[in-house]
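Biologist: I'm new to this one, so could you take me closely through a single part, the sheet and what packs around it? Take your time and keep it plain.

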Amino acid sequence: LTKAEPFMSKANVKKHEIGGFMSEKKRILIIEDDICLTEMLQVHIEAKRNQYKVVIANDGEEGLQKIEKKTPDLVILDIGLPKMGGIEVYKKLPKESGKVTIPVLVFTARGELEEFFEQIEVEGFISKPFETEVLLAEIDRIIQKRDKPVVCVIDEQINPHVKQMQKAIKKLGYNVLVFDNVEMFKASIGEIKPSILLMEYEQVDMEGAEAIEEVKETIKSKT
């Protein structure tokens, strides 16, 4: 059992204090062309939730540029954007294994698009007009879902014991990711931030002590 080192970003971002610990504010990017709406939401969200930092983009191109500079924890995306529509923006978001890596909450006044977005796995929908408290509740739900501590398991996914362990750990409130070998886990570091790593001491392609040292060095160099 190897517990990962603490993951504290060195980026120059605003922080807040919770129970004596310093923690990064969650970055929420709102891509919406209604300037009055975005400014109102920015003030309201930051006033009601000290743990969130709201960034605004008034069109799709600006939104993608801001994502490229710094990945947000949540994108709130309007469908009817100028220059580049919301669907096109979604298709250009960063992906891993064909899936968008950033959670997306969709603003839409067109209910018929909801079925389409369900197929591409966005985190939620808000139909205009909406109450700001409803939006806040959705933001909280998505952030808390993504904020669960991550347990990484290095073992063959076909192993029935691994599947049983995966279910048991999920019931305790953790997200669980399984990797077939050390190299696959190492390749994922940077994209994921594990809190705990579970692995067989003796690996197929290397001895246990060597595997543990490699994992430690990879985590240290990429975080």
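Modeller: Start where strand 4 and strand 5 pair in the parallel sense, over 6 bridges. Two strands are said to pair if DSSP finds at least two bridges between them, and the strands themselves (E, at least two residues) and the helices (H or I, at least four) are DSSP runs, numbered from the N terminus. One of those bridges links isoleucine 28 to valine 54 in strand 5. In general, strands of a sheet pair through backbone hydrogen bonds, either parallel or antiparallel.

A word on what you're looking at: this is a predicted model, where local features need pLDDT of at least 70, side-chain atom pairs count only at pLDDT 80 or more, and totals for chains, interfaces and linings use all residues. Residues are numbered from 1 along each chain as its sequence is written, and side-chain values use heavy atoms, with hydrogens and water left out.

Now widen the view to the open sheet, which has 5 strands in the order 5-4-6-9-10, with parallel pairing. Its edge strands are strand 5 and strand 10, each pairing on one side only. From one strand to the next, the twist averages 20 degrees; axes here are lines fitted to C-alpha atoms, for helices over the stretch in contact, and angles run from 0 to 180 degrees between N-to-C directions.

Stay at the strand 5 edge for a moment and find alanine 57, which lies in that strand (residues 52-57). Alanine 57 counts as buried because its relative accessibility is 0%; buried means under 20% relative accessible area, exposed over 50%, and partly exposed in between, using a 1.4 Å probe and protein chains only. Leaving out residues up to four places away in sequence, alanine 57 touches Leu29, Ile30, Ile31, Glu32, Glu62, Gly63 and Lys66, where a contact means heavy atoms within 4.5 Å. Aspartate 34 is 23 residues from alanine 57 in sequence, and their C-alpha atoms are 10.0 Å apart in space.

What lies across these strands? Helix 2 lies across strand 4, strand 5 and strand 6, and runs at about 135 degrees to strand 5. Strand 4 (26-31) and helix 2 (60-69) also each supply at least two residues of the lining of the largest cavity. That cavity's lining is made up of Arg27, Leu29, Val55, Lys66, Ile67, Lys70 and Pro72. So Leu29 and Lys66 turn up twice: they touch alanine 57, and they line the cavity, which is a set of points on a 1 Å grid over the protein atoms alone where a 1.4 Å probe fits but cannot get out, its lining residues having an atom within 4 Å of a point. The lining divides into 4 nonpolar, no polar and 3 charged residues; Ala, Val, Leu, Ile, Met, Phe, Trp, Tyr, Cys and Pro count as nonpolar, Asp, Glu, Lys and Arg as charged, and the others, Gly among them, as polar. About 30 Å³ of space lies in this cavity, with grid points joined across faces, edges and corners and the volume taken as the space filled by probe spheres set on the points. The structure holds 1 cavity of 30 Å³ or more.

Now cross to the other edge. Strand 9 and strand 10 pair in the parallel sense over 4 bridges, and valine 106 has phenylalanine 125 in strand 10 as its bridge partner. Side chains alternate along strand 10: Gly124 and Ile126 point to one face and are buried, while Phe125 and Ser127 point to the other and are not. Helix 5 lies across strand 4, strand 5, strand 6, strand 9 (104-108) and strand 10, and runs at about 175 degrees to strand 10.

Two loops beside these strands have backbone features to look at. Proline 129 sits in the loop between strand 10 (124-127) and helix 5 (132-146), and a cis peptide bond joins lysine 128 to proline 129, with omega about -10 degrees. Lysine 83 is in the loop between strand 6 (74-78) and helix 3 (86-91), with a positive phi of about 70 degrees although it is not a glycine. Most residues other than glycine have a negative phi, and most peptide bonds are trans. Lysine 83 counts as exposed because its relative accessibility is 67%.

To place the sheet in the whole, the protein has 8 helices and 13 strands, and 39% of its 223 residues count as buried.

Terms used:
1 Å grid on protein atoms, 1.4 Å probe; cavity = no way out; pocket = protein on both sides within 12 Å on 5 of 7 lines; lining within 4 Å.
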